[in-house]
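Student: I have a model open on my screen and would like to learn how to read it. Could you take me through it feature by feature?

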Amino acid sequence: MGLSGTVLKWFKSYVENREYFVSIGSCTSDRTKMTCGVPQGSILGPLLFNLYMLPLAQIIRNNNISYHNYADDTQIYISLSIDEYGPTDLLITCLKQIHDWMCRNFLQLNTKENEVIVFGTKEERIKVSAHLESLLLEPKSQARN
């Protein structure tokens with residue numbers, strides 16, 4: 001990120017030696033040291049999360065795929081010409097690289113929330129959907145945004 005000196009020390013002091021506990025009603029757990037992550041609900045949480053996630057954008061860009069981020073949601077887009085399926089291979093490669101990066105960085109991809117939707121004529125949607133299914137991606141007729 002290019003942070004150094006006082007700024008880096010400030011961020012480091014913010015995340016080091018933190019503890020957490022769980023409280024339900026009058027019951028409180030023992031305190032435990034945080035080994036990773038950002039204090040939830042903290043003022044710097046969104047900024048630190050965005051910094052942490054910057055490599056994800058680079059992975060997507062390296063695969064020549066368009067994307068959009070909002071909070072902790074990422075949407076990726078590919079465009080296909082008629083009978084052109086090369087971008088779907090890039091999509092699969094990109095998804096694998098995202099999965100690998102997330103595993104290395106203490107994150108988990110929620111596969112239950114992954115959605116694929118295909119736009120185009122009915123004939124083209126059927127062809128593209130069949131190709132995607134062969135790559136173990138199940139297109140849906142609608143997706144949440």
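Tutor: We will go through rings, charges, a hairpin and a surface patch in turn. Keep in mind that this is a predicted model.

Student: Let's begin with the aromatic rings. How many aromatic pairs are there?

Tutor: The general idea is that a pair of aromatic rings is described by the distance of the centres and the angle of the planes. Here the count comes to 2 aromatic pairs. In one of them, Trp-10 and Phe-11 have ring centres 5.1 Å apart and planes at 70°, so this pair is edge-to-face. Trp-10 is partly exposed, at 47% relative accessibility, while Phe-11 is buried, at 14%.

Student: And why does the pair of Tyr-52 and Trp-101 count as tilted?

Tutor: Look at the angle. The planes of Tyr-52 and Trp-101 stand at 50°, and tilted covers what is neither under 30 degrees nor over 60. The centres of these two rings are 6.5 Å apart. This pair links distant parts of the chain, since Tyr-52 sits in helix H2 (residues 45-62) and Trp-101 in helix H3 (residues 86-104), with their positions 49 residues apart in sequence. Tyr-52 is partly exposed, with 35% relative accessibility, whereas Trp-101 is buried, with 6%.

Student: Which charged residue sits over the ring of Tyr-14?

Tutor: That is Arg-18: its charged end lies over the Tyr-14 ring, 4.6 Å from the ring centre.

Student: Now the charge pairs. How many salt bridges does the structure hold?

Tutor: In general, side chains of opposite charge can pair when their charged atoms come close. This structure has 3 salt bridges. One joins Lys-33 and Glu-19, with an N to O distance of 3.8 Å. Lys-33 belongs to strand S4 (residues 32-33) and Glu-19 to strand S1 (residues 19-20), so the contact ties together parts 14 residues apart in sequence. Lys-33 is partly exposed, at 49%, and Glu-19 is partly exposed, at 40%.

Student: Where do Lys-96 and Asp-100 lie?

Tutor: Both are in helix H3, 4 residues apart, or about one turn of the helix. Their side chains meet in a salt bridge of 3.0 Å, N to O. Asp-100 is partly exposed, at 28% relative accessibility.

Student: Is Glu-124 buried or exposed?

Tutor: Glu-124 is buried, because its relative accessible area is 15% and the cut-off for buried is under 20%. Glu-124 forms a salt bridge with Lys-127, where the closest N and O atoms are 3.2 Å apart. These two residues are 3 apart in helix H4 (residues 122-134), about one helical turn. Lys-127 is partly exposed, at 30%.

Student: How do strands S5 and S6 pair, and over how many bridges?

Tutor: A general point to start with: in a regular strand the side chains alternate between the two faces of the sheet. Here S5 (residues 66-70) and S6 (residues 73-77) pair in the antiparallel sense over 5 bridges. As a landmark, Asn-69 has Thr-74 in S6 as its bridge partner. The hairpin has 2 residues between the strands, and Ala-71 takes a positive phi near 55°.

Student: Last one: which residues form the nonpolar patch on the surface?

Tutor: They are Met-1, Leu-3, Val-7, Leu-8 and Leu-54, together offering about 450 Å² of accessible area. Met-1 lies in the segment before helix H1 (5-15), and is exposed, with a relative accessible area of 64%.

Terms used: Residues numbered from 1 in each chain as written. Predicted model: local features only at pLDDT ≥ 70, side-chain atom pairs only at ≥ 80, totals over all residues. Heavy atoms only, no water. Patch = residues over 30% accessible without salt bridge, like charges linked within 9 Å, V, L, I, M, F, W, Y side chains within 5 Å. Areas by Shrake-Rupley, 256 points an atom, 1.4 Å probe, with all protein chains shown as cover. Salt bridge = Lys/Arg side-chain N within 4 Å of Asp/Glu carboxyl O. Buried < 20%, exposed > 50% of the residue type's maximum accessible area, 1.4 Å probe, protein only. Pairing = 2+ DSSP bridges. Phe/Tyr/Trp six-rings, centres within 6.5 Å; stacked < 30°, edge-to-face > 60°. Lys NZ or Arg CZ within 6 Å of the ring centre and 35° of its normal.
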